[in-house]
Amino acid sequence: MSDDETVLNVRPRGPYLVPGEVPVRRASIVKSEHEESLTYLSKPVMDTGDGMTALCRCGHSDNKPFCDGSHNNEEWEDAETASGTYGERSSELGGTGISIRDDRSICVHAGFCGTKATNLWNLVEETGDTTARLQAMNMIDACPSGALTYTLDGEAEANEQCLPTQVQIVDDGPLYLQGGITVESAEGERYEVRNRVTLCRCGASENKPFCDGKHSDAGFADS
């Protein structure tokens, strides 16, 4: 591991610890008049000081997104159950000019993969047309969890945008980690480093520490 690696720590039955040099900001999903997800509206960087920032992961803090110690007093399941790599978990969807993969276990249901007119799964069959291919690529690039990826024909690795190293706190949703932040488990094990990662902060995910979209069912709200 390099000395300048950015590491987010999952504390045993406690919060996430984010290094002080990592920008933390709130973000909300901008919706169309048809409730289609269009983009993220990012807020200014929060003043978190120079030390570690403790972010709530139990869902009970009265000072969200920050930890207030509620994890010590509330009932919640903290066990980390995520396993495997993206390559092992994801399935091949196909595509022309690109190869699209999907990992349902880390989908956060952000909604960028569909519009009123179509969705990514329909577009896979239409990627022989460059307009459809571009739309599919844009949808995949907007997927915060990295559940969706594409590899260009002739390339060995999935294509990823150059994202800044930062943590975005999605209103009523997960932590959105960008730029290849390493996530270290409560047991000291390091998960696969990826450009886009979403972490549970409602306490309800069955794939901790990663978000699996359960925040909506749990009625999680902090906006």
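The side chain of Arg 194 comes within 2.9 Å of the backbone oxygen of Gly 146. This is a predicted model. Arg 194 sits in the loop between β11 and β12 (196–199). Arg 194 is buried, yet it has no salt bridge. The nearest side chain of opposite charge belongs to Glu 192, 4.6 Å away. A salt bridge requires a side-chain nitrogen of Lys or Arg within 4 Å of a carboxyl oxygen of Asp or Glu, so Glu 192 at 4.6 Å does not qualify.

What surrounds Arg 194, beyond residues up to four places away in sequence? Arg 194 touches Tyr 86, Ile 106, Ser 145, Gly 146, Thr 149, Gly 180 and Ile 181. Gly 146 thus appears both in this contact list and as the backbone partner of the Arg 194 side chain.

**Asp 102 and the three-stranded sheet**

Tyr 86 leads on to Asp 102, since Tyr 86 is also among the contacts of that residue. Asp 102 belongs to strand β7. Its relative accessible area is 5%, so Asp 102 counts as buried. The Asp 102 side chain makes a polar contact with the side chain of Arg 104 at 2.9 Å. Neighbours within four places in sequence aside, Asp 102 is in contact with Tyr 86, Ser 90, Ser 91, Leu 93, Trp 121, Ala 147 and Leu 148.

Strand β7 is part of an open sheet of three strands. The order is β6-β7-β8, and the pairing is antiparallel. The edge strands are β6 (91–94) and β8 (148–152), each pairing on one side only. On average, neighbouring strands here are turned by 30° against each other, direction ignored. Strands β6 and β7 (residues 98–102) run antiparallel and are joined by three bridges. Across that pairing, Ser 91 stands opposite Asp 102. Helix α3 (residues 130–141) lies across β7 and β8. The helix runs at about 130° to β8.

**The four-stranded sheet**

A second open sheet holds four strands in the order β5-β2-β1-β11. Its pairing is mixed. The edges are β5 (53–55) and β11 (182–184), and each pairs on one side only. Neighbouring strands in this sheet are turned by 25° against each other on average, direction ignored. Strand β1 (residues 7–10) pairs with β11 in the parallel sense, over three bridges. Within this pairing, Leu 8 stands opposite Val 183 in β11.

**Salt bridges**

Side chains of opposite charge can pair when their charged atoms come close. The structure holds eleven salt bridges. Those listed here each link distant parts of the chain.

| Pair | Closest N to O distance | Separation in sequence |
|---|---|---|
| Arg 13 and Asp 78 | 3.6 Å | 65 residues |
| Arg 26 and Asp 222 | 3.2 Å | 196 residues |
| Asp 103 and Arg 89 | 2.7 Å | 14 residues |

Where do the partners Arg 13 and Asp 78 lie? Arg 13 is in the loop between β1 and β2 (16–18), while Asp 78 is in the loop between β5 and α1 (86–89). With a relative accessible area of 33%, Arg 13 is partly exposed.

Arg 26 lies in strand β3 (residues 24–31). Its partner Asp 222 lies in the segment after α4 (214–218). Is Arg 26 buried or exposed? Arg 26 has 18% relative accessibility, so it counts as buried. Asp 222 has a relative accessible area of 15% and is buried too. The pair is also part of a network of salt bridges that links Arg 26, Asp 171, Arg 201 and Asp 222.

Asp 103 is in the loop between β7 and α2 (120–124), and Arg 89 is in helix α1. Asp 103 is buried, at a relative accessible area of 2%. Arg 89, at 27% relative accessibility, counts as partly exposed.

**Two buried arginines**

Arg 26 and Arg 194 make a useful pair to set side by side. Arg 26 is buried and forms a salt bridge with Asp 222. Arg 194 is buried without a salt bridge, and its side chain instead reaches the backbone oxygen of Gly 146 at 2.9 Å.

Terms used
Residues numbered from 1 in each chain as written. Predicted model: local features only at pLDDT ≥ 70, side-chain atom pairs only at ≥ 80, totals over all residues. Heavy atoms only, no water. Pairing = 2+ DSSP bridges. Helix = DSSP H or I, 4+ residues; strand = E, 2+ residues; numbered from the N terminus. Axes fitted to C-alpha atoms, helices over the stretch in contact; angles between N-to-C directions. Contact = heavy atoms within 4.5 Å. Buried < 20%, exposed > 50% of the residue type's maximum accessible area, 1.4 Å probe, protein only. Polar contact = N/O pair within 3.5 Å; in protein donor to acceptor, adjacent residues only side chain to side chain. Lys, Arg positive; Asp, Glu negative; His and termini not counted.
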